[in-house]
Structures are given as structure tokens and as C-alpha cells.
Amino acid sequence: MLVYFAFVLGIGFALKRYIRSSNDFFLAGRSIPAWVCGLAFISANVGAQEVLGMGASGAKYGIVVSHFYWIGAIPAMLFVGYFMMPFYYGSKARSVPEYLRMRYDEKTRALNAFSFAIMTIFSSGISLYAMALLIQTLGLLDGLIPHAWVFHFSIFLSAAIVLGYIFLGGLSSAIYNEVLQFFLIVAGFLPLVWIGLRNVGGWAAIQHRLPATMTHSWRGMEHASTNSLGVGLIGLVMGLGFVLSFGYWCTDFLVIQRAMAADSQESARLVPVIAAIPKMFFPFVVILPGLIAVCVTSHSLAPATASAQAAIVAGVSAAPAPSIAEAPQVKEVHPHGIIPQKVDPITGEPVLDSDGAPVYNYDLATPLLLIHFFPAGMLGLGITALLASFMSGMAGNVTAFNTVWTYDIYQSYIRKNASDLHYLRMGRAATVGGILLSIGAAYAVTSFNNIYDALQLIFSLVNAPLFATFLLGMFWKRTTGHAAFAGLLSGSIAALLHHGLTIPQGALPGLHGGWITTLHIYPSDMAQNFWTAIFSFSVNLVVTTVVSLATKPRPEGELVGLVYSLTPRNIDNSIPWYKRPIWIASGVAAMALVLNFLFR
Amino acid sequence: MGLDVRLPLGLLFLAIGALLALYGLFTMGSDLYAKSMGVNLNLIWGSIMMTLGVLAAWLGRKPK
């Protein structure tokens, strides 16, 4: 672990001497080869939610969650690379909000820049919080520092490390570290999957032991009531596969920034396409541990191991309390794999759902599996990999924040014509500020139990309508600035209204919806979320179109390079066919289809 | 950019791999590996990581 941290900061120092202008700091001087950006692209996205969350969903829902990859990511990644990258990269915009200003107007950019800046701060805060909570829960630092300080110590230590390497090396340092983190994550989890599969008897044994809907990604998808996600086919394909995933991969500056750092337009187009290849196989590294964790105890273990494991489980379930309150230990091992029961942080009682059945703390599936199978030594590597995933997620948010803050907020509204050196200094200051705010956000998440749900809600309200604005902007030259602004706002309002009028089954009105009145009940919160996105997207699409037709269009001459039909397509014939985005993209798409077919 | 990312990547893997493999060598046949079903994961995975590290560092070395 120490070795890794030394390397992380070393890279920051090594790259510091190459940072001479703000362009170097924020865009890595546009000089990074496609494959490096591609890995960073994926690694920035692999935050806390990915490794822990996907392991958790794997344990809870089964292989169905691979839809988040094979439907919810791959098509959008191929689309952004093939169709949208030329406009982001070719327009010389330095950030996604800046593209919005070039294409539309100042107010659309301001809306996007501010909401994006706030979201990055909170997501990096959540990463910090989740990491500190995990370190505390697993007792990684016990014995080194007093237990009550572990949480605070972890937050400040990890914030300091991320600050160190971004402050010194800017985006290139973040990208280099993300590549290291990517390989570390794979190196840490691949042997886990290998030994885990060996233990439970391979994929066939998992299939044998779990219900069919958990081991087949398409079984029962025709109707919401016959699959474990509680989502119907239309909700899945339109909500997740189209609106949400395209909204994230095609418009979120956090990932686009990595592609913008590429050394040429062709490379920039290749970045998301290359990133799609490891993304396609990530389910095997992050979802399978969840499935294995559910299977493990039903397999007859040697008595010695079983009791050792009971001790581990008991030790761990003692602390999943967000507050540092001490919870009594849960002593028994239940038949739910190695996943411990969720414990109420305040009363210390095991949490029961409305039917009186115990609720399991699925978030611990992956970390517990690490402890279960890895001997000392490998365990260090596994935990380093886990921490690396948190840091890459946090660093991604911080680099996106400092760029948007400096270029889109500071340079546009606070101080317009300063020297480049001034903006470089501002960027470093924004890095410090961003990290401090993230720490603040992490503590905010700690002290309010519901804030996490509330944030998820806000993210979905802001993100859902975005893709319609970009889609119309890039492919319809008639779209106007007023229309984009009106569309974005009304899309968010539509999402809010839809959320207020519907509720997932079994939830109380409030943060989960239904706070106006309940018109419709969804079978799960996931279904509600997908449909909120669909509504918000459609409203934005309609409003933007109508307002566009009613307002004066911009002269076509101003839109060259920003809109598809007005941009000359230059095909570079010097690139051999196997390096062209179209062929690589088709290959990836074909592979994704095959995977869907294999696990149907 | 002046630094090829494969070099630090290779060195990192080499260092971690070497640590793991050495630890694995010294703890061969110990009770430690009951957890991982008798497989000396440290030694095996450490060696694999070392090999990959050497490969990456060699590919990323500065052209002279």
C-alpha cells in the first residue's frame, strides 16, 4: 500500500515540470495517446459506486446488473466516440459547458457549469465518505490510531493524497494515476474472482445454486414482475439504455475531459471506443464477486474456516454505522452467503423490512469476499485496489471541477482577461478549494442520513434532460439558445413533477417520491428512476423543438464545426482500416452482442 | 508528454509483485493459505505481476 502511495505522488512530481500553461494543467496539453486516455476514461468512472455498488447489486439482483454495462454503457460509449467527439474536440472547446456556450449561449452554459460544479463536489465527497466508512468498518487502521479517529484520519489522508497528485501534475497526473489505478483494480480483483469461482465450483455451480433470474441477464425481462430488478423491457432499454446512459457518457465532462486530452481528433474518437472494451468485461470483475459472496456459505466449508469466518462477519457487522456510535455485535452466521445483516446505526438493532425479514448489508459483499479468500499479503493488494478505485473516482471529479470552475465560472464571470499564469494558479487554488469542499460534503453526508438519497435525486433531476439538449444541438442546426435553456429547465421540472407524483412500491412518501400525490406506483425505485429520466428527456426534446421553431436561428456560418450537417467530414485515408474508429466500434458492438447472448 | 505511463506502471507492478512473491516464498506451506484453499496466492500472483511489470517497463523504456 505504501509502495502504491509513493508511486502516486511520484508521478505528480515527475509530471510537474511539464506543466507550463493552463492548457497543460487542465487539458494535459492535448498530447496523450488514445489508449492511455481510454483507460483513464473508464477508471475515472469506476468510482466508489462501481466496485462496491456493483458487487452489492450483483449479490442482490444477480447477473442482471450487467445490463448497466452491456446496455447502459457500451452503446453510449460507442456513440459518443463515433458521432460526438469530433464536435467536442474539433470545436476547441475546453470543457463541456464551453461547448454549450459556443453552440448556444451564455445562460445555457452557466446553468450547466454551476449544476455540474456542485455535483462533482458532492460526488467526490461521497467517494471520500464511502472510503473512510469502509476503512473504519473493516478496521484497516485499527491498532495504528484510536478507533474514534479512524474515520477522520482516512478522510483527510485520502484527500491529501488526491490533492497532492492533482495539484502537482494537473490532468495528466490524474490520467496517469487513473491508468495505474485501473491496472491495480484488475490485479486486485481478478485473482479474487478466480479463487472465488474455484471455491464455489465454477459458473455452472453458481447457476445451479441460484434462481434462474439471477444468472441470466435477459430471463423474465419482458415484464417488470418477472425479473429481480422490477423493471420492464421499455423502461430498461429506453430509460437506462438510452436516456440515462447517453446522458452520462455523452455529456458528463468528467469522462469527456479524458477524451479531450487525446493527442488528435482521431485518437479522441478512439478513446471512448477503446474504453468500451475493458468496460465490457468489467462485470466479470465487479459483479461476479457479489454473486460468489452469496454462494459461498451454502457450500460446505471446513469447520475451522467457517468459525474463522463467523468471527470476521461478527467483527465487521459491528460497525457499519455511519455515525461512530458503537453497535452490539451480531454473532450468528446466517444463510445469506457471507453478507452480514444491516444494523441500525442508532438503535444497534438489526434492520427489518416491512415484512419482518432481515435486511442485508449488500455493500459489504465485495470487501468481505476479499477478507474471506485473500491471505495476508494478497489482502493488502486487494485493499489497495479497493482504495485505488475510490481515489480514481474522486480525482476524476476534482479535475473536472477545477476545469469547469476556472474556465466556465471564474474566467467567464469573475475575471475575464487575466494572464494564462493567473488561470494556472487559479486552477491549483480551485483544486485545493474543490478538495476542501469535498471534505465538507463528506461530513455533510455523515451527519444527515437521508442526504445520500437526496443527492441521488438531484443528480437524476439534473442529468436526465441533458442528452436531449446535446442531441438537438449537434444534429439539428435550427436549435436556438433560448430553446436549449428553456428545454433544460423544463426537463428538470418535469423530472421533479414525475418524481413527486409517483412512488416505488413499499416506500413512504417523501424523498422517494409521492410528495405531491401518488398517481402511479412503480414496482421498484429503479423503474421509477428510469421512467423519470424518460419523461424528463421527452419534455426537454419537445420544449426545445417548439421554442426553437418560435425563435430566430443563428446564422449557419457561426455553427460550422459545432453541428453535424454543417461540419465537413474529412476522412483520413492514411490510417489503416483496423485503426479506424468505425471498425473498432463495430467489433466492440459485436462482442457486446455475443456477451448478451451468452448470458441471456 | 515526456513520460511514458508504461514505465511507472511497470515499476509499480514489479515492486508490488516482488513484495508479494517474496512474502509468498517465506510463508510457503503455512496456515495462511487455508483461506485461499491451499493455493499460495501470494507467490503465484506476485510472480505474475512481476512478469507483467517487467514487460510493461520494457515496452515503456525511453528510446535511445
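What percentage of the 64 residues of chain B count as buried? I looked this up before anything else and found 38%, where buried requires 20 or more other C-beta atoms, placed from the backbone, within 10 Å of the residue's own.

**Entry: what I am reading.** I am working with a predicted model, in which local features need pLDDT of at least 70 and side-chain atom pairs count only at pLDDT 80 or more, while totals for chains, interfaces and linings use all residues. Residues are numbered from 1 along each chain as its sequence is written, and chains are lettered from A and ligands numbered from 1 in the order in which they are written.

**Entry: the two chains.** For chain A I noted 24 helices and two strands, taken as DSSP runs numbered from the N terminus (helices H or I, at least four residues; strands E, at least two), and 56% of its 600 residues count as buried. Chain B has two helices and zero strands. I then checked contacts, meaning C-beta atoms, placed from the backbone, within 7 Å: in chain A, 78% of those between residues at least 6 apart in sequence join residues at least 24 apart.

**Entry: helices α8 and α14 of chain A.** I followed α8 over residues 106–138 and found that its 33 residues reach 48 Å from first C-alpha to last, close to the 48 Å expected (1.5 Å times one less than the number of residues). Because 26 of those 33 residues are buried, α8(A) is largely enclosed by the rest of the structure. In α14(A), residues 265–286, I found a kink of about 30° at Met280(A), shortly before Pro283(A), the bend being the angle between axes fitted to the seven residues ending there and the seven starting there.

**Entry: the nonpolar core.** The largest core holds 199 residues, and among the members that touch the most others are Cys37(A), Phe41(A), Val162(A) and Val271(A); such a core is a set of buried Ala, Val, Leu, Ile, Met, Phe, Trp, Tyr and Cys residues joined through C-beta atoms within 7 Å. Helix α9(A), residues 147–200, gives the most to this core, with 26 residues. Leaving aside neighbours within four places in sequence, I listed the contacts of Val162(A) as Met391(A), Met394(A), Ala395(A), Val398(A) and Ile435(A).

**Entry: confidence.** Chain A averages a pLDDT of 73, on the predictor's per-residue scale from 0 to 100. The mean is lowest, at 39, in α16(A), residues 303–317, and highest, at 86, in α22(A), residues 481–501. Over residues 298–335 of chain A the pLDDT is below 50, although this stretch has 59 contacts in the model beyond near neighbours in sequence. Where pLDDT is low, the predicted coordinates should not be read in detail.

Notes
A residue is buried if 20 or more other C-beta atoms lie within 10 Å of its own, exposed if 12 or fewer, and partly exposed in between; C-beta atoms are placed from the backbone. Two residues are in contact if their C-beta atoms, placed from the backbone, lie within 7 Å.
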